[in-house]
Structure formats: C-alpha cells, structure tokens
There are 2 protein chains.
Amino acid sequence: THPGWERAGDALERVYPFPDYSAAVGFVMRVALAAERRDHHPDLLLSWGKVKVSWSTHDAGGITGLDTEMAALCDRLSAG
Amino acid sequence: THPGWERAGDALERVYPFPDYSAAVGFVMRVALAAERRDHHPDLLLSWGKVKVSWSTHDAGGITGLDTEMAALCDRLSAG
C-alpha cells in the first residue's frame, strides 16, 4: 500500500486536505481528467477543504495494479 | 422537502444519474461554482454515471432555507 492510503473494504482510499474550496475543486478536476484519460474512474467526495479519493476495480472485485498506479498519480497531482 | 431529495441524518440528499462521466463532471463543476458564489458548499460524491449531492448547514446543525434553495438550484443545473 502507498503511504497515506488505506484499504476500506475492497477499495483504496485517501483523504487530501486543501486550504480552500478552489484548491479542492482544482484537484477533483485534475483527477477527473486523468480518470477519463485512463478510462478508470474513482469515487471522489468533494467537501469544503478536503477530497476523499477511492479507487477500486469493480470488474475484478477489488484493488488492482491500475488502482495503485492511479493512487500514486493522485499523490503527484495533489502536490501541484 | 423537494421532490427527489431525501433527508439523511441532518442533510438533504439527492443522487443524479448521468449518461457518462463527462456529464457528471460538468454537473459537479456547475454546482461547485454555484456553491462558491453563495459561499455554501455541499458534499459532492462523483462516481461514474452519477453524482450524490448532500446539503447541510453545519453551523445550524441541520437543514436550513439556504439548503433547500441550493437543492432547487441543483435541480435546475442538472436539467442542463
């Protein structure tokens, strides 16, 4: 498992804090674009000041290599 | 309560289905912009093909007039 990520059921989850709504929305958009590019889409929970990302491969019934790859990509995107 | 919306704890929730990810992301962005304009921010859960919106006024400990107003605005935004 990547640092900062936790297993929750059959998904890989991480909560990212952000200083304001604009930063959180920007992150959601960047993850959404990456998700569309790879045709692999997470659950994204956008609240004020934080975003929870949840990756799972439903067809495989759990976490795959693609999920951990996308998790690492989220970490890079969250760093700006 | 507005049609299609349900109380869940101290929040007002609705799930909107969308035909694809692009449409769901577009809706999230429109709601996010409206939320920022009114400085009142929902929980938005973006998944493939659907978005769950949850409104609550945490300072007031429940659902206020502003929440029902924003819920109606979401209905208008979801209609295109």
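Two strands are taken to pair if DSSP finds at least two bridges between them. By that criterion, strand β3 of chain A, residues 43-47, pairs with β3(B) in the antiparallel sense over three bridges, in a model that is predicted. Within this pairing across the two chains, A:Leu44 stands opposite B:Leu46 of β3(B).

The contact between the chains draws on 16 residues from chain B and 16 residues from chain A. The size of an interface is often given as the accessible area lost when the parts come together. For chain B and chain A the buried area is about 1,300 Å², of which 65% lies on carbon and sulfur atoms. On the side of chain B, the residues that lose the most area to chain A are B:Tyr21, B:His41 and B:Leu46, which together account for 35% of what that side buries. B:Leu46, the residue placed opposite A:Leu44 in the strand pairing, is thus also listed among those that lose the most area.

With regard to secondary structure, α1 (21-38) and β3 (43-47) of chain B each supply at least two residues of the side of chain B that touches chain A. The largest share of that side comes from α1(B), with eight residues. Sorted by character, the residues of the side of chain B that touches chain A comprise 11 nonpolar, three polar and two charged. Between chain B and chain A the count of salt bridges is zero, whereas four residue pairs are in polar contact, both residues of each pair being at pLDDT 80 or more.

The arrangement of the two copies was then examined. Chain B can be laid on chain A with an RMSD of 0.0 Å by a turn of 180° and a shift of 0.0 Å along the axis, and the two copies are therefore related as by a two-fold rotation axis. The same surface serves both copies, in that 100% of the contact residues of chain B recur in chain A. Of the residues of chain B, the one that comes closest to the rotation axis is B:Leu45, with its C-alpha at 2.2 Å.

Strand β3 also has a partner inside each chain. In chain A, β3(A) and strand β4, residues 50-55, pair in the antiparallel sense over five bridges, with A:Lys52 as the bridge partner of A:Leu45 and A:Ser47 standing opposite A:Lys50. These two strands, β3(A) and β4(A), form a hairpin with two residues between them, and A:Gly49 in the turn has a positive phi of about 80°. In chain B, β3(B) and strand β4, residues 50-55, likewise pair in the antiparallel sense over five bridges, and B:Val51 in β4(B) is the bridge partner of B:Leu46. The hairpin of β3(B) and β4(B) has two residues between the strands, and B:Gly49 takes a positive phi near 80°.

In chain A, strand β4 has a further partner, since β2(A) and β4(A) pair in the antiparallel sense over six bridges. In this pairing A:Val51 of β4(A) is the bridge partner of A:Tyr16. Side chains of opposite charge can pair when their charged atoms come close. Over all chains the structure holds six salt bridges, one of which is formed by A:Glu13 with A:Lys52, the closest N and O atoms being 3.9 Å apart. This salt bridge links distant parts of the chain, with A:Glu13 in strand β2 (residues 11-17) and A:Lys52 in strand β4 of chain A, 39 residues apart. A:Lys52 accordingly takes part both in the salt bridge with A:Glu13 and, as the bridge partner of A:Leu45, in the strand pairing of β4(A).

Note on methods: Residues are numbered from 1 along each chain as its sequence is written. Chains are lettered from A and ligands numbered from 1 in the order in which they are written. This is a predicted model: local features need pLDDT of at least 70, side-chain atom pairs count only at pLDDT 80 or more; totals for chains, interfaces and linings use all residues. Side-chain values use heavy atoms; hydrogens and water are left out. Contact means heavy atoms within 4.5 Å. Buried area is the accessible area (1.4 Å probe) that two parts lose on being put together, summed over both. A salt bridge is a side-chain nitrogen of Lys or Arg within 4 Å of a carboxyl oxygen of Asp or Glu. A polar contact is a pair of N or O atoms within 3.5 Å; within protein, one must be able to donate a hydrogen and the other to accept it, and residues adjacent in sequence count only if both atoms are side-chain atoms. Helices (H or I, at least four residues) and strands (E, at least two) are DSSP runs, numbered from the N terminus. Ala, Val, Leu, Ile, Met, Phe, Trp, Tyr, Cys and Pro count as nonpolar, Asp, Glu, Lys and Arg as charged, and the others, Gly among them, as polar. Copies are superposed by least squares on the C-alpha atoms of residues with pLDDT of at least 70 in both.
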